[in-house]
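Visitor: I have a model open and would like to learn how to read a ligand site and a single residue. Could you walk me through it?

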Amino acid sequence: MKPDLFQAPDYYNIDDLLTEEHKLIRDAAREWVKRDVSPIIENYAQKAEFPKQIISGLAEIGAFGPYIPEEFGGAGLDQISYGLIMQEIERGDSGVRSTASVQSSLVMYPIFTYGNEEQRKKYLPKLASGEWMGSFGLTEPNHGSNPGGMETNFKDKGDHYVLNGAKMWISNAPFCDVAVVWAKNEAGRIHGLIVERGMEGFSTPETHNKWSLRASATGELIFDNVKVPKENLLPNKSGLGAPLGCLDSARYGISWGAIGAAMDCYDTALRFAKEREQFGKPIAQFQLQQKKLAEMITEITKAQLLAWRLGTLKNEGKATSAQISMAKRNNVEMALKVAREARQILGGMGISGDYAIMRHMMNLESVVTYEGTHDIHLLITGLDITGLNGFK
Ligand code: TGC
Ligand code: FAD
């Protein structure tokens, strides 16, 4: 892979909207990605392996629980800081951002928000430091967009629960120490349970043959009569709204993360177009290439403004789930389009692992599907503006 020469575009002076603290946090994450992620990530993507050695670095830049209070090991930051960290990590690779998103928003968030004090004290500091890694089990073989239909279930056996079922497409599953698992009780009510590696009957086989998110480990969570202690049930919220509340936080992070992937593709394509000559001129001088580059920076800038505004609403506790859906959907689609156009600007070099573009493009094919597909987020907006449910 070529040296990382990334220079972040900021066409509308978004930096002026950030505090000094935001910029320090963003720059620390940016430097870390340049130093510890960019030089190795292509090789790990080619090998289809998650680079476990970066876990401590992710913890150091505050990527595990950025907005979780410091007393539980989190960084105690605001939502804009969280977004900026996700942007920088995904600038490096969506799979690395996935690992951080799952740890923060899908594991630490539910334990912090729906857990009791003992659960917070037991799990959060170790998750924040990366000593323990987590996964989040919602999707099942027969229930993806419609998680309310889940079949995974647990039964009350007096002093413990017995959990049965299977989850698939689970990020971090192959190496997770703990899993936040969503399952129905005998009454059909959805609850969150914390399942720990080593519990008898719990296994996490890896999913192979992925063309996307190859540097992220994906797997199944299989529960075969797993005895789960009663103290591992998250007591403070039940129903489908509980896992969906976690998704709000992760989807928000993705709306920033996608900007990072798009920025990297744009920056690479712009530099390449100015250096590559055909017909005696830099290809950046041809109007067709300028159209691509001009449209890319326009769309990146619009996405930055959307994410920043959403972050300010989130800081004020006013962001709605539907607003988050709109930003996730728009910004991921934007990043995919930017990646596809950037790939073309590089011509044949666009498919080479010497540049990050094709890896970003393939990664984004997962990002546009997970955390709610592109279609599902459109239907959420449709329902919000019409009051009519287009899902069912
Ligand atoms: P519906 O009847 O609409 O809602 C059920 C209950 O949930 C509440 N609710 C929400 N609460 C918080 N946040 C949200 N975003 C919420 N959306 C809905 C709702 O108010 C209701 O509460 P209550 O108290 O009335 O019961 O549910 P539905 O069954 O009709 O489904 C709606 C739908 C389709 C929008 C939803 O199920 C959905 O979002 N589907 C997409 C599934 C999804 O996103 N899965 C993601 C799995 S995790 C993942 O992909 C991680 S990838 C991580 C990585 O690697 O980065
Ligand atoms: P389906 O729900 O079967 O959808 C198939 C198609 O039908 C889609 O195009 C969809 O938009 C469309 N569709 C579905 N319903 C409707 C409707 N009502 N109207 C119109 N169109 C519809 N899940 C987790 O729980 N935890 C994880 O950590 C996790 N990580 C993932 C990592 C990767 C790499 C991937 C690829 C997925 C991951 N997922 C995870 C699962 C992900 O959230 C699901 O793949 C996603 O929610 C879609 O579910 P599905 O794949 O079953 O597709």
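Visitor: Where does ligand 1 sit?

Guide: A pocket is an open set of points on a 1 Å grid over the protein atoms alone, where a 1.4 Å probe fits, with protein on both sides within 12 Å along at least five of seven lines. A molecule sits in one if more than half of its atoms lie within 2 Å of its grid points. Here, ligand 1 occupies the largest pocket. The elements giving two or more residues to its shell are α4 and α6 (241-275), with helices taken as DSSP runs (H or I) of at least four residues. This is a predicted model: local features need pLDDT of at least 70, side-chain atom pairs count only at pLDDT 80 or more, and totals for chains, interfaces and linings use all residues. Residues are numbered from 1 along each chain as written, chains are lettered from A and ligands numbered from 1 in written order, and side-chain values use heavy atoms, without hydrogens and water.

Visitor: Which polar side-chain atom lies 3.3 Å from a nitrogen atom of ligand 1?

Guide: A polar contact pairs N or O atoms within 3.5 Å; within protein, one must be able to donate a hydrogen and the other to accept it, and residues adjacent in sequence count only through two side-chain atoms. That atom belongs to S321.

Visitor: Is S105 buried or exposed?

Guide: Buried means under 20% relative accessible area, exposed over 50%, partly exposed in between (1.4 Å probe, protein chains only). S105 is buried, because its relative accessible area is 0%. S105 belongs to helix α4 (residues 94-114), and its side chain makes a 2.7 Å polar contact with that of Y82.

Definitions and conventions:
1 Å grid on protein atoms, 1.4 Å probe; cavity = no way out; pocket = protein on both sides within 12 Å on 5 of 7 lines; lining within 4 Å.
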